[in-house]
Each structure stands twice: as C-alpha cells, then as structure tokens.
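Me: Hi! Could you walk me through the side-chain contacts in this one? I'll jump around a bit.

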Amino acid sequence: MAETATSTPGTKAQHYSFFQGVERNFDKASSFTRFEKGILEQIKACNSILQLKFPVRIGEKIEVIEAYRVQHSHHKLPCKGGIRYSMDVNQDEVMALASLMTYKCAIVNVPFGGAKGGIKINPKNYTPFELEKITRRYASELVKKNFIGPGIDVPAPDYGTGAREMSWIADTYASLKPGEVDALGCVTGKPITQGGVRGRTEATGLGVYYGVREVCNTKEDMKKLGLELGIEGKKVIVQGLGNVGFHAAKFFFDNGAIIVGLAEYEGGIYSEKGIDIYKVVEHRKATGSILDFPGVTNIKNSADTLEQECDILIPAALENVINAGNAARIKAKIIGEGANGPLTPDADEILHKKGAIVVPDMYLNAGGVTVSYFEWLKNLSHVRFGRMDKRFSENQNSLILQTVEGLTGKRANDTERTMILHGPDEADLVYSGLEDTMIGSYHEIRDILNSRDISDMRTAAFVCAIDKVGVSYEELGIFP
Ligand code: NAD
C-alpha cells in the first residue's frame, strides 16, 4: 500500500516543476502564518538529498541504476516516506513528494519529518529475483550513507513497491546491523508476519471515510451545504476501486451511506437506489468489468460518472480528473480527495465558488502514514497492540456486566454480551487511533480556516502544517 504525499494539483500546461508547485502552495499559505522569512525558507528547503548510481548485474549485463532518497525536514526524527519504482522518478519529483510528506505528517500529528525515495526502473521489466537484488542494493546504499534506520529515516511502500519490497529492506538492514534490537522499525508496510500491523491495508480508505464522516457530523458545515447531519443516507460516488477507493466505498457502504455511482477505467455505473459494493467487486471478478451490473445504468465515458447527482464525491484513482473542463458540472457538495491531486487549481476555484467543501488530500488520505506510525511504535515496543490488556479488559467488562445484571435482575442477550465483553485487539486499537487522528485533525484545520479568514480547506491544511513545523524549528533554535 502506498504511503504517498500529496502531489501538486496542476494542469499539464503548468510552467513550473512539481517541487516549485509545492513551493507556490506553501508561499500562498505562509502569508497566513506569523513566521519570519528565514524560518519559512528553512521549512521549505529539502534538508538532505541523496542521489545514487549503483551497479546491479541483470542477466549477462551490468546495469547502472539511478535512485534517490530525499529527507525534506529534520524538525522531527525519524524522517518518513515511501519508495516508488517508476521510470518517471526524478530528483524534482522526489523532492516535492518528500516535502509534502513533512506537511502531511504535521497535519495528522505524526511526529516524523518528511522523506521520499525512488528508483528509476520499471518493475515490470525485472524478475522478482532481479527486483530483490536491486532493492537490497538500494537498502545497503541507504545504510552506508546513514539514510535509513528506526531513528533516522523509515521508508514505506509507494507506486511499484509493496510489502514484499519492505521485507527485503528490513532483512537487508537487519543483516547489516546485527544485534540492533529495533531493526524492524527501519521500514513500515511490512507483512504482519514480519512486524507489520493489522489495519494498514485498509488504512487510507478508512481514513477517507472517517474524515468525510466528520465533515458530515459537523453541524455548521452541513448547514452551510444544506445537507442533513450524519453519514447515513448520504449519496456517494467513488472513482477508482483500488486500495483507497474500494476501502473507502466499503466503509461508506457498511455505515449506511448509499453508493450511487462507481467509476473505473472501463466505464462507470449509476443507480439512485444504491449499489452493493461487495457484489460489484464479485461481478467485476467474474466478468472483468463493473459494467452491466444488475440494476444499474452504464456510463460509457467513465469520467461522466463524476458529474452525476450525489452528495459526496470521492475521486480515488488519478490526478487532475476534476479540472476546468468538468468542475462546473460536478454536483457533489462534498469532494473528498482520496487520490493525490485529483483537482486542478482551476477546479478548486470553481468548486469553491459553487459553495462545495473540498477536503484536501494532504489531510484526507493521511491514513496510510498514520497507521505506518502505529507500525513503527509496535516495532519499537516489540509487542502486538492489545497483547497486554485485551484479556484484562475482557475480565473487567465481565465483572461490570455481572454487577449490572445482579443489580438490575436483567440479563443481556448474546449480541449485547459479545459486544460488552470484547476486549480490544490490534485492529480495534489501530482503527481507534486512526479515527481519533482523523477527527482531531479535521477540527484543527477547520479552526484555522474559520479563525484566519482563509477561504479554502487546502490552504488551511497547509497553514496547519507550517504552524507546527515552524514552532518546532523555532523551539529547536538555530545551531551556532
Ligand atoms: P490502486 O492502483 O490500488 O487503485 C487505483 C484504481 O483506479 C484502480 O482500480 C484503477 O483501475 C482505477 N483507475 C485507473 N484509471 C482510472 C480511470 N480513468 N477512471 C477510473 N478509475 C481508474 O491505487 P491506490 O493505492 O488506491 O491509490 C489511488 C490514489 O490514492 C493515488 O493517487 C495514490 O497516490 C493515492 N494514495 C494512495 C494511498 C494508499 O495508501 N494506497 C495513500 C495516499 C494516497
């Protein structure tokens, strides 16, 4: 699962680089903060940039591999951010993504600096054996340069990488640092059997759900939009049925929202009556497409699905899908950015003028990095969440239930018993920590929005991040 930063929403015609785009957003937001120029310059700058070229034998030939690791900010350590394998990897992109990780972590109070890594390869061109060689060599280069470690810099998966690559990195690191008891904390997104944490797979989609639910539970926001309070009965359209989109849709569906539309690359489907997300996934497995699912209207041009009637729109697939061309036709009152950069700046402006709430990616899809933080905590504490207290809680709950039953003379039914007696296991605690994070951060951003005359939530989220990183730098002082 990817641990990605927010890409700069920008049209293809933009005349500045990705990193410069991030700097522009930063500059816009920084005018709402109180920091002096020097501190702002320090926050913006990438602290350490590692550019690597290393040889790997592929078949009969030696290939020179280009790779990067950028640590954007050391105001909190370790640094944190994914590693992507893609032919598009370049220094500017890695710098931009590393800086966005700093801001994303700050927004959700994950105490890490931002980082990002990348290897310029197309993973599809290599066998698993070759990929393992490249990954291990990259990891050992990071060790040599002191760019990885549980207290230094902790990578995670991103495009083209997953739990398998994270396992290889953890093993390489542990081999080069024998006896380092916290070695597993050098990387997150590992399989559960290798120190991973339960709940990470669905974390980003679940975070999207918690964030949007909080918007719907906030009275003033719902009043402004002319919508009823609460998530139940809200009509939702989701674009992309991948990791983020599927899990977001699943949690909306499970909690009483009505999934009226789904868009995938093969087309879209719409039904006012609602679509069973589990059945659509089965249908797609069987037929290879979401189209022709019983009871829905097919939408040939997938992007048109975004323009259908709904309360909440979750673009969770690609960048720039809502732009100057279609933003005016978007009917949703809440747009929750599950993907990175699904709205262009033009679209942002148009939707803002229409009175919609755009919940920005930098906050809304931070569930992955939040749960990565929990995985890191688990690795450092060397114990599964819930192991020490689950049974204790169950015994306490049992005593309380017995006492209540004794006092009232009434017996709880089986469903009530199971619910009351249940002590928290790892997934429960991870979900609870994520829920608390998404709720708390939403209100932090909202308070900034309302107290500083800022008109959009994206700028408010940036301000929220700059405030926290700025205070950190101020308090650390400037080393003589
Ligand atoms: P994914 O590859 O699992 O899913 C993407 C889905 O979008 C796929 O099902 C794909 O078929 C679909 N899709 C592709 N083209 C489409 C089109 N034209 N119209 C509709 N659907 C289309 O990727 P993901 O991990 O779910 O990531 C989705 C977005 O969320 C990306 O922008 C990613 O950067 C961002 N993100 C992901 C995570 C994470 O934890 N996975 C975290 C933060 C941000």
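Me: How many aromatic pairs does the structure hold?
Reply: The structure holds 12 aromatic pairs. Rings of Phe, Tyr and Trp (its six-membered ring) pair if their centres lie within 6.5 Å; planes under 30 degrees apart count as stacked, over 60 as edge-to-face and the rest as tilted.

Me: And what about Y103 and F462, how do their rings sit?
Reply: Their ring centres are 5.3 Å apart and the planes are at 50°, so this pair is tilted. Y103 belongs to helix α3 (residues 91-107) and F462 to helix α16 (residues 457-476), so the pair ties together parts that are 359 residues apart in sequence. Helices here are DSSP runs (H or I, at least four residues) and strands are too (E, at least two), numbered from the N terminus.

Me: Is Y103 buried or exposed?
Reply: Y103 counts as buried, at 1% relative accessibility. F462 is buried as well, with a relative accessible area of 3%. Buried means under 20% relative accessible area, exposed over 50%, and partly exposed in between (1.4 Å probe, protein chains only).

Me: Before I go on, what kind of model is this?
Reply: It is a predicted model: local features need pLDDT of at least 70, side-chain atom pairs count only at pLDDT 80 or more, and totals for chains, interfaces and linings use all residues. Residues are numbered from 1 along each chain as its sequence is written, and side-chain values use heavy atoms, with hydrogens and water left out.

Me: Thanks. Which residues do ring pairs link into a cluster?
Reply: That cluster is made of Y209, Y210, F251, F252 and Y431.

Me: What lies over the face of F251?
Reply: K250 does, at 4.8 Å from the ring centre. The rule for a charge over a ring is NZ of Lys or CZ of Arg within 6 Å of the ring centre and within 35 degrees of the ring normal.

Me: Switching to charges: how many salt bridges are there?
Reply: The count comes to 31 salt bridges, each being a side-chain nitrogen of Lys or Arg within 4 Å of a carboxyl oxygen of Asp or Glu.

Me: Which residue does D158 pair with?
Reply: D158 forms a salt bridge with R84, and their closest N and O atoms are 2.8 Å apart. This pair links distant parts of the chain, with D158 in the loop between β5 (153-157) and α5 (163-176) and R84 in strand β3 (residues 79-85), 74 residues apart. D158 and R84 are both buried.

Me: Where does R458 sit, and where is D361?
Reply: R458 and D361 form a salt bridge, with the closest N and O atoms 3.5 Å apart. R458 is in helix α16 and D361 in helix α11 (residues 361-364), so to speak of distance along the chain, they are 97 residues apart. R458 is buried at a relative accessible area of 10%, and D361 counts as buried at 1% relative accessibility.

Me: And where do R391 and E394 lie?
Reply: Both are in helix α13 (residues 390-408), 3 residues apart, about one turn of the helix. They form a salt bridge with the closest N and O atoms 3.5 Å apart. R391 counts as exposed, at 58% relative accessibility, whereas E394 is buried, with a relative accessible area of 17%.

Me: Which residues do shared partners join into one network?
Reply: Salt bridges that share partners join R84, E93, K116 and D158.

Me: Now cysteines. How many disulfides?
Reply: The count comes to 0 disulfides, a disulfide being a pair of cysteine sulfur atoms within 2.5 Å.

Me: Why is C79 without a bond?
Reply: The closest cysteine sulfur, in C105, is 9.3 Å from the sulfur of C79, too far for a bond. C79 is buried, with a relative accessible area of 0%.

Me: Last topic: which residues touch the most other members of the largest nonpolar core?
Reply: F252, L262 and I334 do, out of 93 residues in that core. The largest share, 11 residues, comes from α3. A nonpolar core is a set of buried Ala, Val, Leu, Ile, Met, Phe, Trp, Tyr and Cys residues joined through side-chain atoms within 4.5 Å.
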